[in-house]
Amino acid sequence: MSNIFKSAIKTVSKQNRDFSDIATLAGMSLAKSGTSLVKGILSKPGIHAYLEYQIQKIVCGLPDSGTHSEIPAVARTADEIVRILKSKRFYPNRIAVDGVPGSGKSTLARALAYRLNMDAICLDHQNLNEKIYFEKAAAIYEHHRLLRTQELDCFDAIIYIDEPVYISMEKVVKRKRGGYLVDILDYKKLKQIGEKAFFSLAGEYIPVTDGFVKLRLKPKKGFKDLEYLQRELLQKGLDGRGLTKEAQFFLCVDGKASKGFSAYINLREYKEELISGLKSGINSTLFQEKTNKRGGQGRYGTYFQNH
């Protein structure tokens with residue numbers, strides 16, 4: 001984008017215009033670029049769906065969540081998990097549920113909580129960059145960064161929803177709430193780190209046949225995920241000392257330590273809109289300036305028309 005502005009300044013300078021001309025051009029172009037950029041961003045399916053949700057919430061209010069209702073496929077998955085736990089005489093006190101946004105964590109957590117007489121707790125408004133103390137008993141906690149950021153030995157069972165990202169993304173857009181996530185997050189990276197976190201856990205691995213759900217039960221000596229992770233880093237010749245758990249997972253997967261929600265922001269998703277908006281603003285400004293001149297000859301020419 002900076003190259004576009006450099007080209008604009010170079011073009012103006014060649015025509016012996018002073019700095020005020022350049023400043024005027026830049027200001028007008030940026031203003032018009034902003035309008036084009038906003039239009040481009042609002043055309044994104046996730047952003048559009050989220051705005052529809054917010055408008056619907058304002059006009060109609062939120063639906064009543066007081067009654068318990070279930071999606072049939074989720075109900076079958078929850079029933080199978082309960083059957084597995086009972087067959088193993090395993091009665092968890094705390095359960096962790098992880099998966100990318102839209103994979104059905106909240107829905108599954110509520111369905112299991114209903115069957116196991118537990119509370120479902122969403123961590124969306126908690127700071128996952130800090131240590132969370134999971135003190136509540138008989139509780140099911142869920143979040144898309146839970147396994148990669150927190151100490152897990154306070155949980156008796158871990159559930160990971162390994163749904164293909166395109167399905168999860170479609171569901172987010174369809175439900176509209178949180179739709180913007182599909183346009184700003186790198187879902188593939190989210191899942192890549194999430195899978196690594198799940199498969200770094202010790203304990204019996206139990207695939208749940210009905211759905212994309214994977215289950216692990218805590219062994220007597222704990223999940224040992226950090227121990228496994230640090231051993232793998234050493235094998236790769238990498239040093240994870242002093243890094244957070246999430247940063248160590250990034251280091252192991254990418255060879256570069258990253259952490260936090262911002263590590264999954266997909267800036268490239270808006271590159272086209274940014275460049276298109278900027279070009280549109282500059283071209284619009286040049287065209288307007290040109291038509292305002294006598295005989296249709298503008299000061300700045302039409303340098304950008306073909307760029």
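# Reading burial, pairing and contacts in a predicted chain

Of the 307 residues of the chain, 41% count as buried, and the model they belong to is a predicted one.

User: What makes up the chain in terms of helices and strands, and how confident is the predictor in it?

Analyst: The chain has 12 helices and 6 strands. Its mean pLDDT is 80, and 64% of its residues reach 70 or more. Over residues 297-307, however, the pLDDT is below 50, although this stretch has 30 contacts in the model beyond near neighbours in sequence.

User: Why is Ile71 called partly exposed?

Analyst: Partly exposed covers the range between under 20% and over 50% relative accessible area, and Ile71 has 47% relative accessibility, so Ile71 counts as partly exposed. This residue is found in the loop between α3 (45-60) and α4 (72-87). Ile71 and Thr107 are 36 residues apart in sequence, and their C-alpha atoms are 8.1 Å apart in space.

User: Why are Cys154 and Cys252 put into the classes they have, and how many disulfides does the structure hold?

Analyst: Cys154 has a relative accessible area of 26%, which is not under 20% and not over 50%, and therefore Cys154 is partly exposed. Cys252 has a relative accessible area of 4%, which is under 20%, so Cys252 is buried. As for disulfides, a pair of cysteine sulfur atoms would have to lie within 2.5 Å, and a search of the whole structure finds 0 of them.

User: What makes strand β1 count as mostly covered?

Analyst: In strand β1 (residues 94-98), 5 of its 5 residues are buried. Both faces are covered, with Arg94, Ala96 and Asp98 on one side and Ile95 and Val97 on the other. In a regular strand the side chains alternate between the two faces of the sheet.

User: How do you know that β1 is paired, and with which strands?

Analyst: Two strands pair if there are at least two bridges between them. β1 and strand β3 (residues 139-142) have 4 bridges in the parallel sense, and β1 and strand β4 (residues 157-161) also pair in the parallel sense over 4 bridges. Towards β3, the bridge partner of Val97 is Glu142, while Ala96 stands opposite Tyr141. Towards β4, Ile95 stands opposite Ala157.

User: What does β3 pair with besides β1, and where do its side chains point?

Analyst: Strand β2 (residues 119-122) and β3 pair in the parallel sense over 4 bridges, and in β3 the bridge partner of Ile121 is Tyr141. Ala139 and Tyr141 point one way from β3, whereas Ile140 and Glu142 point the other way, and all of these are buried.

User: How do you know that the length of helix α9 agrees with what is expected?

Analyst: Helix α9 (residues 187-199) has 13 residues, which at 1.5 Å a residue should span 18 Å, and because its end C-alpha atoms are 18 Å apart, the two values agree. At the start of α9, a side-chain oxygen of Asp186 reaches to within 3.3 Å of the backbone nitrogen of Lys188. The buried residues in α9 include Tyr187, Leu190, Ile193, Ala197 and Phe198.

User: Why is Glu246 called buried, and which residues does it touch?

Analyst: Glu246 has 3% relative accessibility, and because the limit for buried is under 20%, Glu246 counts as buried. This residue lies in helix α11 (residues 245-254). Leaving aside residues up to four places away in sequence, Glu246 touches Asn129, Arg145, Arg148, Thr149, Ser258, Lys259, Gly260 and Tyr264.

User: Why does Lys245 count as buried, and what lies 2.9 Å from a polar atom of its side chain?

Analyst: Lys245, which is found in helix α11, has 9% relative accessibility, and since this is under 20%, Lys245 counts as buried. The backbone oxygen of Leu147 lies 2.9 Å from a polar atom of the side chain of Lys245, a distance within the 3.5 Å set for a polar contact. Among the residues that Lys245 touches, not counting those up to four places away in sequence, are Leu147, Asp225, Leu226 and Leu229.

User: What share of the contacts in the chain join residues at least 24 apart in sequence?

Analyst: Among contacts between residues at least 6 apart in sequence, 66% join residues at least 24 apart.

Methods. Residues numbered from 1 in each chain as written. Heavy atoms only, no water. Helix = DSSP H or I, 4+ residues; strand = E, 2+ residues; numbered from the N terminus. Expected span 1.5 Å × (residues − 1). Buried < 20%, exposed > 50% of the residue type's maximum accessible area, 1.4 Å probe, protein only. Polar contact = N/O pair within 3.5 Å; in protein donor to acceptor, adjacent residues only side chain to side chain. pLDDT = per-residue confidence, 0-100. Contact = heavy atoms within 4.5 Å.
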